[in-house]
Amino acid sequence: MLEVVGVRFKEAGKIYYFSPGDATLKRGDHVIVETVRGIEYGEIVQVDKQLGEDEVVLPLKTILRVADQKDADIVRDNRLAAVDAHAVCEEKIREHQLDMKLVDVEYTFDRNKVIFYFTAEGRVDFRELVKDLASVFRTRIELRQIGVRDEAKLLSGIGPCGRVLCCSSFLGEFEPVSIKMAKDQNLSLNPNKISGVCGRLMCCLKYENDTYEELKRDLPDVGKRIKIPEGDGRVIGLNILDQLIQVELHDRTRVVTYTIDELVEVGAIKRKPSKQ
């Protein structure tokens, strides 16, 4: 096992792991580290963590040093410079008449590179744009095309729930979300009700999905025919959270509601073996 510390370079960004070396670190400390992008300024978000060698990218880099006020000033200046770079890039995009939307601009800590994040419907030939930007900023230029979910994460905003977007406030990485999750939770399949500000399925559909899958595991499918004390019947409705099953009698004269325990007791259904 390796002792590591987790570092974030952006709020709600992905966590990257480094060796603490001889440094004594605590959560909230700012540090200087070496990454594939160069020297970077990040924040310690995890300490005293043990991971196996298969869980980290080897060789594990060591924290260079704890950041000081001078480093914080550099970060502040870089952010101010990024605002100016944003305006310049937007003007250049208009000059080249490119069908792309500039979302964000970021300088690396050591000013070795400036990264322009943009969205576009398809591929964009921005070679001439890169040449123009390089002549203005006299440093390495990277244009990175991102998706609409990444755009929402960068720009932030308020979700339908009235809270700041999960992706921009605490979600380090996006997880796959499917329409099946909405169906399993008996949610309206109206796109306006289950889509976030990015236009994609809301990330929060994933939060309770494991619980719904576990609760639904022993419930019979809607339409399944079962034998109950009142006679033959057909499952016509499920209340997953309350573990209730609505059964319509074969002659359609009555609908009765059973708990899952009651149906198991009368032998109408069987519980599935535990996954553990």
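The largest nonpolar core in this predicted model has 19 residues. Within it, M100, F116, L133 and L143 have the most contacts. Five elements each give two or more residues to this core: α1, β6, β7, α2 and β8. Their residue ranges are tabulated here.

| Element | Residues |
|---|---|
| α1 | 69-96 |
| β6 | 101-107 |
| β7 | 113-119 |
| α2 | 127-137 |
| β8 | 140-145 |

The largest share, five residues, comes from α1.

Take L133 as a close-up. Neighbours within four places in sequence aside, L133 is in contact with C89, K92, F116, R138, I141 and L143. Two of these partners, F116 and L143, are also listed among the core residues with the most contacts.

A second core is separate from the one above. It has 15 residues, including L219, V247, L249 and I269. In soluble globular proteins, nonpolar side chains tend to be buried together.

Now the whole chain. The protein has eight helices and 12 strands. Its radius of gyration is 27 Å, well over the 19 Å that the globule rule gives for 276 residues, so the protein is more spread out than a compact globule. The C-alpha trace spans about 80 × 50 × 30 Å along its principal axes.

Buried residues account for 37% of the 276. Of the contacts between residues at least 6 apart in sequence, 54% join residues at least 24 apart.

On the surface, the accessible area comes to about 17,300 Å². Carbon and sulfur atoms hold 48% of that area. The protein carries 43 positive and 47 negative charges, and their mean positions lie 4 Å apart.

Conventions: Residues are numbered from 1 along each chain as its sequence is written. This is a predicted model: local features need pLDDT of at least 70, side-chain atom pairs count only at pLDDT 80 or more; totals for chains, interfaces and linings use all residues. Side-chain values use heavy atoms; hydrogens and water are left out. A nonpolar core is a set of buried Ala, Val, Leu, Ile, Met, Phe, Trp, Tyr and Cys residues joined through side-chain atoms within 4.5 Å. Buried means under 20% relative accessible area, exposed over 50%, partly exposed in between (1.4 Å probe, protein chains only). Helices (H or I, at least four residues) and strands (E, at least two) are DSSP runs, numbered from the N terminus. Contact means heavy atoms within 4.5 Å. The radius of gyration is taken over C-alpha atoms; the globule rule is 2.2 Å times the number of residues to the power 0.38. Accessible areas come from the Shrake-Rupley method with a 1.4 Å probe; for residues, only the protein chains shown count as cover. Lys and Arg count as positive and Asp and Glu as negative; His and the chain ends are not counted. The place of a charge is taken as NZ of Lys, CZ of Arg, CG of Asp or CD of Glu.
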